[in-house]
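Work through the exercises below with the sequence and the 3D view at hand. Each task is followed by a solution in steps.

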Amino acid sequence: MKLPNGPQIPALLQMVRWITNPMSFMEACAKRYGEIFTIRLEKDSPPMVIVSNPQALQQILTNDTKELEAPGEMNDVFEFLLGKHSLITISGAEHQRQRQLLMPPFHGERMRNYSQVITDVTQKVISQYQIGKPFNIRSATQAITMRVIMQAVFGLHEGLRAEKLQQILGEILEKASSRLIVTLLFFPALQRDFGPINFWGKQMRRQQEADKLIYEEIRERREQPDSSRTDILSLLMAAKDEAGQPMTDEELRDELITLLVAGHETTATALAWAFYWIHKLPSVRQKLLQELDSLGNHPDPGMIFKLPYLNAVCSETLRIYPVGILTFPRVVRKPFSLGAYELEPDTVLVGSIYLAHHREDIYPEPKQFKPERFLERQFSPYEYLPFGGGARRCIGLAFALLEMKLALATILSSLELELVDNGEVRPKRRGLVTGPDRPIQMVVTSQRQVKSPILQTSTV
Ligand code: HEM
């Protein structure tokens, strides 16, 4: 058997469904054609095979032969923002080299520094919320994750340049979530600068402003090196590849933007979903508070990180509505057998994280939010993959989970929150991530009696 079956409607209509509601499109296809199906988004472009079967996902994500490749060109929809040298838009040996340079700041000892940043920033942001005054929880979590990633990356969160950069990036990302921009991303011919009234042109000009600030920062650091700094930019500027070569300014700019974008919107959205579920389901909130309170005053971040129910709540949040619904694409380079199918070169393979997480056989009642499933059994990395897998697995996984857990613990231990309305919130494509389809309004009803919830000095 050659290609898996799939919808026969014209490619343009498939593209429209893919842009407007990829989750319902994938669900409809899976229902009709099964766990591996083919879609076509452009008339003459190669077919795209969508996979949610765990064995097939394993076969794809662990394939390090020359049959499959995870080429950065396939991610060129992100190039307008991230640049040509971003980890996300490069491939092969260049990708491996950059990954090696980028990984150390996201591992081991380094993570200890971030615990303090996360709890400090979270406390600062929530201190602005007043009892009885509703606020959008996603704006609150965005404020937290933006400041945290800015500080982790640059080691500066105060100061004019940092403030300007935060503001511009916030605007760029907000615009990037609009349906218009998403549509432009899929139709590159429309990505033109038609002058100041043009939407795409405006977006590009904001980006140039952000670039200018980043290059200024890099230049200043080169002129006044400070070996005591431990922020990610300093580590990257000092890093050398196997040939002893450091990163160029352009590479640094692209990787910094990549980390700011990938590390901000994703975790903010995941946190917003977590607050929604915790307050939508009183029994979840109660169990979580019991667990957090059991640590007493001034708990250690390492203890918080290991709490089983908190971990289960975060895992279930990333299962039910994963913020990244797809793995990055792989392309068949040599004929490749996938189960009963023989795939020709140029066929594109994409893992559907969303469909994999909604399999009835693995997650009974998949539409229900049930953290307990993560206490009752362990899932394989191909059944549960909110951070993707293989050569392109998310490098910020540990950072994101640390941030989610510490921000949740800090806020839930300090404030009593409520959802303003109990209506259902559905997932929707929002530019680069999948987030809530409407603002989730919350309100602080009172302070909890915990003065300094998290001890600042320990390891994670
Ligand atoms: C809840 C938060 C996050 C989620 C759900 C998430 C999810 C993902 C997913 C699904 C991928 C694609 C993996 C694949 O195709 O196999 C990815 C890649 C990536 N993520 Fe994350 N991510 C999160 C947070 C972060 C953070 C905090 C950072 C950095 C500070 C980050 C940086 C990256 C980068 C650089 C890549 C590209 C890796 C590569 O191409 O080699 N992410 N992420």
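**Exercise 1: a helix on the sheet**

Helix α2 (residues 22-33) lies across β1 and β2 (48-51), and runs at about 125 degrees to β1. The model is a predicted one.

Task: State whether Cys29 is buried or exposed.

Solution: The relative accessibility of Cys29 is 4%. Buried means under 20%. Cys29 therefore counts as buried.

**Exercise 2: the sheet**

Task: Give the strand order of the open sheet, then find which strands stand at its edges.

Solution: Step one is the order. Five strands form the open sheet, in the order β1-β2-β8-β5-β3, and the pairing is mixed. Step two is the edges. β1 (36-39) and β3 (68-69) each have a single partner strand, so each has one side without a neighbour in the sheet.

Task: Describe how β5 and β8 pair.

Solution: Strand β5 covers residues 330-332 and strand β8 covers residues 348-351. The two pair in the antiparallel sense, over two bridges. Arg330 has Leu349 in β8 as its bridge partner.

**Exercise 3: the iron atom**

Task: Find which protein atom is a donor of the iron atom of the ligand, and where its residue sits in the chain.

Solution: The only protein donor is SG of Cys394, at 2.3 Å from the iron atom. Cys394 belongs to the loop between α17 (373-376) and α18 (397-414).

Task: Classify the accessibility of Cys394.

Solution: The relative accessibility of Cys394 is 33%. Partly exposed lies between the cut-offs of 20% and 50%. Cys394 therefore counts as partly exposed.

Task: State how many disulfides the structure holds.

Solution: The number of disulfides is zero.

Methods: Residues are numbered from 1 along each chain as its sequence is written. This is a predicted model: local features need pLDDT of at least 70, side-chain atom pairs count only at pLDDT 80 or more; totals for chains, interfaces and linings use all residues. Side-chain values use heavy atoms; hydrogens and water are left out. Donors are N, O and S atoms within 2.8 Å of the metal (3.2 Å for Na, K and Ca); water is not among the atoms, so sites may look incomplete. Helices (H or I, at least four residues) and strands (E, at least two) are DSSP runs, numbered from the N terminus. Two strands pair if DSSP finds at least two bridges between them. Contact means heavy atoms within 4.5 Å. Axes are lines fitted to C-alpha atoms, for helices over the stretch in contact, and angles run from 0 to 180 degrees between N-to-C directions. A disulfide is a pair of cysteine sulfur atoms within 2.5 Å. Buried means under 20% relative accessible area, exposed over 50%, partly exposed in between (1.4 Å probe, protein chains only).
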